[in-house]
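Here is a short tour for someone meeting this structure for the first time. Have a look around before reading on.

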Amino acid sequence: MQPTRVLTGITTSGTPHLGNYVGAIRPAVATSRVTGVESFYFLADYHALIKVQDPARVQRSTLEIAATWLACGLEPDKVWFYRQSDVPETTELTWLLTCVAGKGILNRAHAYKAAVDRNREAGEDDDAAVTAGLFMYPVLMAADILLFNAHQVPVGRDQVQHIEMARDFGQRFNHLYGEPAGRQYFTLPEAVIEQRVATLPGLDGRKMSKSYDNTIPLFAPREQLKKLIYSIVTDSRAPGEPKDADSSHVFQLYHAFASATETEAMRQGFLQGIGWGEAKQALFERIDAEVAPLREKYEALMAKPADIETILRDGAARLRERHAIPTLRALREAVGLRDLSQVAVGSGGERDSKPPLPVFKQYRESDGRFYFKLVVGDRVLLQSAAFDSPREAGMRIAAIKREGFADADATLLPGGGVTTDEIRGALQALAIAEAEKLAAKTV
């Protein structure tokens, strides 16, 4: 059986902290060792350029993050570990996807909408200081995923929309260039949301985040680690006073590193009134016990950046040979970027080879009522229920074009063997074609 491909991108825009380790690095490394899983881990340095314009910071962060993952147990001979910018097929695929991606979908991307909202609140133009990089970020992310036909992409809830966009773009490409032969160039990925992702509190009690400047660096030297842990905000309850473990930031951090037995012992300590100094000392010792051997490996790796460079380049070279280059060769062929010496003379030209567009057809049955169907050539993708007038049927078609197809709509029946993805892909193809036709008229 084909292994499940799981792809994880790591943005190179900062120094890893304890929250990154517990919430992402540690579980991802564990997943990489699961039988039947083919894991892809890449350093998303192109993505970093969207929000970081300091070249030295991008370079340093790339080195630190690569060293961190390797120190934490990622095995580059057993997984695909590479740097995004070492795989040029990613940017070529980004352009191919850009040519099928609907701008309307990109307009609804959370990051872009948030930027527009901030500009409106400030009385600025909607697109003030908004780069094309920010706007096109979902297409680059889709290329990262679709290039390797990943089945699953672990993401936070704020990234689910981007996985849905990747599915839309892949589906649109499949529909345009896979028909009529029925070839599916891209696997449509699924977002994997871990319901119990560990979110650690920072020094001030809020979520540990670089944005809040409340982080504890993963590989801070031992004495700095101790100092930071002792600076965690606590309440004023004195030693001997019972404390609520579940509302304590110190306890939450301890729980993320301790065994079940150790965690229960600490909970009892809180009930019995453990002092904050004693609790923080226990927390420091528990974290340091896990991190110290990793810190030693990390420091050894950081001392030899050329070795890390070799690992990343080797990973990218093997990956390109195995997957990226063959995939782009097939995609270039699909879109018509072909060897001209192989063109068939008198073939009828481009117009004859282009797949037919979907179309809505309205008609009246012998019962006197009105119906419509969505078809591609002779194939029926979607069949409507009856309407009392052609106007009602036309309004329903307009609503479907505007709002899309809902699985639960009992008034619409998919054609035989037709999937929901095919229907949505056809509707997207129709929308793009109509938008292109309108644009041509206004030029």
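To get the span a helix should have, take 1.5 Å times one less than its number of residues. Keep in mind that this is a predicted model.

## Helix α11: checking its length and its sides

Let's try that rule on helix α11, which covers residues 260-271. With 12 residues at 1.5 Å each, α11 should span 16 Å, and its end C-alpha atoms sit 17 Å apart, which agrees.

Which residues of α11 are buried? They are Thr 263, Met 266, Gly 269 and Phe 270. These four are on the same side of α11, because they cover an arc of only 115 degrees around the axis. Turn to the other side of α11 and you'll find Ala 260, Thr 261 and Leu 271, which are exposed. The cover over the buried residues includes α10 (249-257) and α12 (276-302). After α11 comes Gly 273, with a positive phi near 90 degrees.

## A sheet of four strands

Next up is an open sheet whose four strands come in the order β6-β7-β8-β9, with antiparallel pairing. Its edge strands, β6 (359-364) and β9 (412-414), each pair on one side only. On average, and ignoring direction, neighbouring strands here are turned by 25 degrees against each other.

You can walk across the sheet pair by pair. Six bridges join β6 to β7 (residues 370-376), and Lys 361 has Lys 373 in β7 as its bridge partner. From β7, four bridges lead to β8 (residues 379-384), where Val 380 stands opposite Val 375. β7 and β8 make a hairpin with two residues between them, and Gly 377 in that turn has a positive phi of about 65 degrees. Last, β8 pairs with β9 over three bridges; here the bridge partner of Leu 382 is Pro 414 in β9.

A helix goes with this sheet, too: α15 (residues 390-403) lies across β6, β7 and β9, and runs at about 165 degrees to β6.

## Aromatic pairs

How many aromatic pairs are there? The count comes to 16. One of them joins Tyr 82 and Phe 148 edge-to-face, at 5.8 Å centre to centre and with 70 degrees between the planes. This pair links distant parts of the chain, 66 residues apart: Tyr 82 is in strand β3 (residues 80-83), while Phe 148 is in the loop between α7 (132-146) and β4 (152-154). Both rings belong to buried residues.

Another edge-to-face pair is Phe 173 with Tyr 185, again 5.8 Å centre to centre, with 90 degrees between the planes. Phe 173 lies in helix α8 (residues 160-178) and Tyr 185 in the loop between α8 and β5 (190-192), so this pair ties together parts 12 residues apart in sequence. Phe 173 and Tyr 185 are both buried.

Tyr 82 and Phe 148 also belong to an aromatic cluster, together with Phe 40, Phe 42 and Trp 80.

## Out at Arg 118

Is Arg 118 buried or exposed? A residue counts as exposed when its relative accessible area is over 50%. Arg 118 comes in at 55%, so Arg 118 is exposed. You'll find Arg 118 in helix α6 (residues 110-121).

Arg 118 is 76 residues from Phe 42 in sequence, and in space the two are 31 Å apart, C-alpha to C-alpha. Phe 42 is a member of the aromatic cluster we just visited.

Technical notes:
Residues numbered from 1 in each chain as written. Predicted model: local features only at pLDDT ≥ 70, side-chain atom pairs only at ≥ 80, totals over all residues. Heavy atoms only, no water. Pairing = 2+ DSSP bridges. Axes fitted to C-alpha atoms, helices over the stretch in contact; angles between N-to-C directions. Contact = heavy atoms within 4.5 Å. Buried < 20%, exposed > 50% of the residue type's maximum accessible area, 1.4 Å probe, protein only. Arc of directions from axis to C-beta. Phe/Tyr/Trp six-rings, centres within 6.5 Å; stacked < 30°, edge-to-face > 60°.
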